[in-house]
Amino acid sequence: MSVQRTLHLGLMFWATGTHAAGWRHPDARADAAYDIRLIQEVSQAAERAKLDFVFLGDRLATDPALQHSNPAQISRLEPFTTAAAIAAATSHVGIVVTANPTYSDPYSIARLLASLDHLDGGRTAWNLVTGADAAAALNFGRDAHWDTGKRYDWAEETLRVVRALWDNAPGPDGRGGRPIHHRGTYFSVDGPLDVGAPPQGQVVLLSAGTSDRSRDLGAREADMVFAGPQPTLAARREFYADIKARAARYGRADQVTVLPGLTPVVAPTTEEAVARYDELNSLLVLAPEEEVGELVRAGGIGEGYRLSRTSASRLFGVDLRGCDLTAQVPAETLAAVSEEGRRRLAEITRLTRRTATGPHRITYGDLVYATPTQLSHTVVGDPYEVADMIQEWFEERLADGFNIYPSSVPGSVTDFVDLVVPELQRRGLFRKDYQGTTLREHLGLAVPPRRSA
Ligand SMILES: Cc1cc2nc3c(=O)[nH]c(=O)nc-3n(C[C@H](O)[C@H](O)[C@H](O)COP(=O)(O)O)c2cc1C
């Protein structure tokens, strides 16, 4: 059990950043989602910093509601073609691609992932998701999004077939492929695969859902588990312990790396970092007040984003309508906020260092910008403060590492890579160089033995 733990870091690629104002930041480029040079340069920055991987999500449906929060997610390149271009521009960094079994056949998934693993020399991971967007069903000849049970039953059979196809795929000389003759509940697949066995034997598997079924699949099968946002540190601790306990029951406690998302807003000094955070927030687009309360669309990531003085009033339980966003909030008003409001005030102070009564006072803007649910935990500070937080979560067993969400691109990527990674390396927490060339090697995982069908 006393295997030396090492910190793992990946980079989530959203072309104009993950912050809801990243697309309005001076860094942002309107064509970023299609600028393959930019995508390659960001991946090269990740590789320079010896990060474990670059992550490419996928959604299979678009959501116009994203136009005010993350327009580069409305339309973008699909992950496999993007990954091939990243593979050609890099040599070590892992490449995570998202493929959703709900809308893809196991044979297709197996050959795409095996092909990519050949192209990138064993650096591929599969982010197995069952779908964040209910609207995807309407693009694939279905009336409705399947329920969780059906999606995970389907995904688990898909995974069994994909792994059997890889285990029985031909060798590098094109020989030795064996049929699998799979006859399951959902699929009939004969095999063998028409692509050679992936260099990693089994492509690294990542799971990123939130449901109980997803936790179970992650603990039983995945090499990496992405953890979504959690409301409290206690919930974060519970998630980590739960995945590890479940994995232990499957005899693989040391084989699952748990990675929450982390948005670092970092600068050489704390003051500059807070100024960067304030600049981003000041670029947020407020919804017209009269539209608040309308639901935008079912089941999309744009849905949660409604930012206005009215919604902030509702959340904090005090009337903020008509307020000047730059003005300080009177201490009496802050004393009257709701219980949820008090929790958000503590967050505001943690992020901005502003308080109700001190020399730097909380502003109305702070309240309004604190309304939406964040995509991930955010930390604002100088390189030492950010490294402290990473070290603490790692040592306290809240995380085995992080999937870094850059709030703007490319500035937040280079800030993290140039300011925080060297500090983590100096502390002996993060690798100074890659020890191998495959993602399995970065994760300290052996190539599994081949099992015949
Ligand atoms: C960091 C992270 C990244 C994710 N990326 C995607 C993605 O690219 N596409 C997607 O459909 N779902 C993605 N999801 C997972 C979906 O949220 C998940 O499939 C959905 O919630 C349904 O699974 P569940 O019912 O287990 O929650 C991601 C989740 C996390 C935590």
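In the predicted model, helix H1 meets helix H2 through Ile36, Ile39, Gln40, Ser43 and Gln44. On the H2 side, these residues face Thr82, Ala85, Ile86 and Ala89. By class, the contact comprises five nonpolar and four polar residues. No charged residue takes part. The two helices pack at an angle of about 55°. Their axes lie 9 Å apart. H1 is therefore oblique to H2. The crossing of the pair is right-handed.

Helix H2 spans residues 79–89. Its buried residues are Pro79, Phe80, Thr82, Ala83, Ala85, Ile86 and Ala87. Thr82, Ala85 and Ile86 also belong to the contact with H1. H1, residues 36–48, is one of the elements that cover the buried residues of H2. The cover also includes strand S2 (53–56), strand S3 (94–99) and helix H3 (106–119). A polar contact is found at the start of H2. There, a side-chain oxygen of glutamate 78 comes to within 3.1 Å of the backbone nitrogen of phenylalanine 80. Phenylalanine 80 is itself among the buried residues of the helix.

Threonine 130 was examined next. This residue sits in the loop between strand S4 (124–128) and helix H4 (148–167). Its relative accessibility is 4%. Threonine 130 therefore counts as buried, the cut-off being under 20%. Residues up to four places away in sequence aside, threonine 130 touches Asn100, Thr102, His145, Arg151, Tyr152 and Ala155. One of these partners, arginine 151, also makes a polar contact with threonine 130. That contact runs from side chain to side chain, at 2.6 Å. Alanine 144 lies 14 residues from threonine 130 along the chain. The C-alpha atoms of threonine 130 and alanine 144 are separated by 14 Å.

A further buried site is aspartate 366. This residue lies in helix H11, residues 364–369. Its relative accessible area is 8%. With the cut-off at under 20%, aspartate 366 is therefore buried. The side chain of aspartate 366 reaches the backbone nitrogen of threonine 363 at 3.0 Å. With neighbours within four places in sequence left aside, aspartate 366 is in contact with Ile348, Thr352 and Arg354.

Note on methods: Residues numbered from 1 in each chain as written. Predicted model: local features only at pLDDT ≥ 70, side-chain atom pairs only at ≥ 80, totals over all residues. Heavy atoms only, no water. Buried < 20%, exposed > 50% of the residue type's maximum accessible area, 1.4 Å probe, protein only. Helix = DSSP H or I, 4+ residues; strand = E, 2+ residues; numbered from the N terminus. Contact = heavy atoms within 4.5 Å. Polar contact = N/O pair within 3.5 Å; in protein donor to acceptor, adjacent residues only side chain to side chain. Axes fitted to C-alpha atoms, helices over the stretch in contact; angles between N-to-C directions. Parallel < 35°, antiparallel > 145°, perpendicular 65-115°, else oblique. Left-handed = near helix turned anticlockwise from the far one by under 90°. Nonpolar A, V, L, I, M, F, W, Y, C, P; charged D, E, K, R; others polar.
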